[in-house]
Amino acid sequence: MEIGNKMMKINWKYRIVFAIGNAILYAVLLWVFDYFTDEELFPIKMLIIQSVLFGIFFGIGFPYINEKFARKFSKKVGKNIIPNLEADETIEIEGPGNLFRGMEGVGGKLFLTNKKLIFKAHKINIQRGQTDIAYQNIQEIIKRKTLKLVDNGIRVVTTDHQEFDFVVNERDLWYEKINERLKL
């Protein structure tokens, strides 16, 4: 069974807030460059026009392009990810996900097997490899927000107090399926 392949849709409220935030940030950065140089680099009208266009592109255009092409790319990259399994281990559920290893959000695939939770990184990452978490070592599963905004994070806390932060699509379904495995 595969879950999490459905791409998240970003609603228009977030897109508009993101566009306005990007436009303001871009305008401030251009103004700072302009302020610390001897000559005026950008007339105020040009600064406003550039900021609005930048905000529109990154707040509305970039998410649109991402929705159109990310699905094809992620399917192509994720197709060849196969975890190393024990002899009597079988994959029950799989889907795309990220695991934070330090500051890097490592992309790959998350697997629920009959024995453990597995994350296997794809080859495009700096940090590669496989992370195995046996169900009997999981103390707690916590729903979390990525960047304190987006409801797509899960934290797995082990009995030795290690924390694994995952980012997945369909977070509530992953949360439910992992908790089902813990009750067995």
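Which residues does L99 touch, not counting residues up to four places away in sequence? They are E104, G105, V106, F119, T131, F164, D165 and F166. The model described here is predicted. This briefing treats its helices, the strands around β3, and two loop residues with positive phi.

**Residue L99 and strand β1**

- L99 belongs to strand β1, which covers residues 91–101.
- L99 counts as buried because its relative accessibility is 1%, and buried means under 20%.
- One of the residues that L99 touches is F119, which is itself among the buried residues of β3.
- The C-alpha atoms of L99 and N125 lie 11 Å apart in space, with their positions 26 residues apart in sequence numbering.

**Strand β3 and its partners**

- Strand β3, residues 116–121, is mostly covered, with 6 of its 6 residues buried.
- Cover is present on both faces of β3: K116, I118 and K120 are buried on one side, and L117, F119 and A121 are buried on the other.
- Strand β2, residues 104–113, runs antiparallel to β3, and 5 bridges join the two.
- Within this pairing, L110 stands opposite F119 of β3.
- β2 and β3 form a hairpin, and 2 residues lie between the strands.
- β3 is also joined by 5 bridges to strand β4, residues 130–134, in an antiparallel arrangement.
- In the pairing of β3 with β4, I118 stands opposite D132 of β4.

**Helix α1 and residue N22**

- Helix α1 spans residues 12–35 and includes N22.
- The 24 residues of α1 should span 34 Å at 1.5 Å a residue; the end C-alpha atoms are 34 Å apart, so the model agrees with this expectation.
- The buried residues of α1 are R15, A19, N22, A23, A27, L30 and D34.
- N22 has a relative accessible area of 14% and is therefore buried, the limit for this class being under 20%.
- With neighbours within four places in sequence left aside, N22 is in contact with F54, G55 and F58.
- N22 and G59 are 37 residues apart in sequence, while their C-alpha atoms are 7.1 Å apart in space.

**Helix α2 and the nonpolar surface patch**

- I44 is located in helix α2, which runs over residues 44–78.
- The relative accessible area of I44 is 57%, so this residue is exposed; the exposed class begins over 50%.
- I44 contributes to a nonpolar surface patch of about 660 Å², together with M46, I48, I49, V52, L53 and I56.

**Helix α3 and its cover**

- For the 13 residues of α3, a rise of 1.5 Å a residue gives an expected span of 18 Å; the end C-alpha atoms are 19 Å apart, which agrees.
- R171, W174, K177, I178, N179 and R181 are the buried residues of α3.
- The elements covering these buried residues include β1, β2, β3, β5 (138–146), β6 and β7.
- Strand β3 thus appears in two settings: β3 pairs with β2, and β3 is among the elements that cover the buried residues of α3.

**Loop residues with positive phi**

- Most residues other than glycine have a negative phi.
- H161 is not a glycine, yet its phi is positive, near 65°.
- H161 lies in the loop that links β6 (150–158) and β7 (163–168).
- H161 is exposed because its relative accessible area is 63%.
- E170, likewise not a glycine, has a positive phi of about 55°.
- The position of E170 is in the loop between β7 and α3 (171–183).
- E170 has a relative accessibility of 30% and therefore counts as partly exposed.

How values were computed: Residues numbered from 1 in each chain as written. Predicted model: local features only at pLDDT ≥ 70, side-chain atom pairs only at ≥ 80, totals over all residues. Heavy atoms only, no water. Helix = DSSP H or I, 4+ residues; strand = E, 2+ residues; numbered from the N terminus. Buried < 20%, exposed > 50% of the residue type's maximum accessible area, 1.4 Å probe, protein only. Contact = heavy atoms within 4.5 Å. Patch = residues over 30% accessible without salt bridge, like charges linked within 9 Å, V, L, I, M, F, W, Y side chains within 5 Å. Areas by Shrake-Rupley, 256 points an atom, 1.4 Å probe, with all protein chains shown as cover. Salt bridge = Lys/Arg side-chain N within 4 Å of Asp/Glu carboxyl O. Pairing = 2+ DSSP bridges. Expected span 1.5 Å × (residues − 1).
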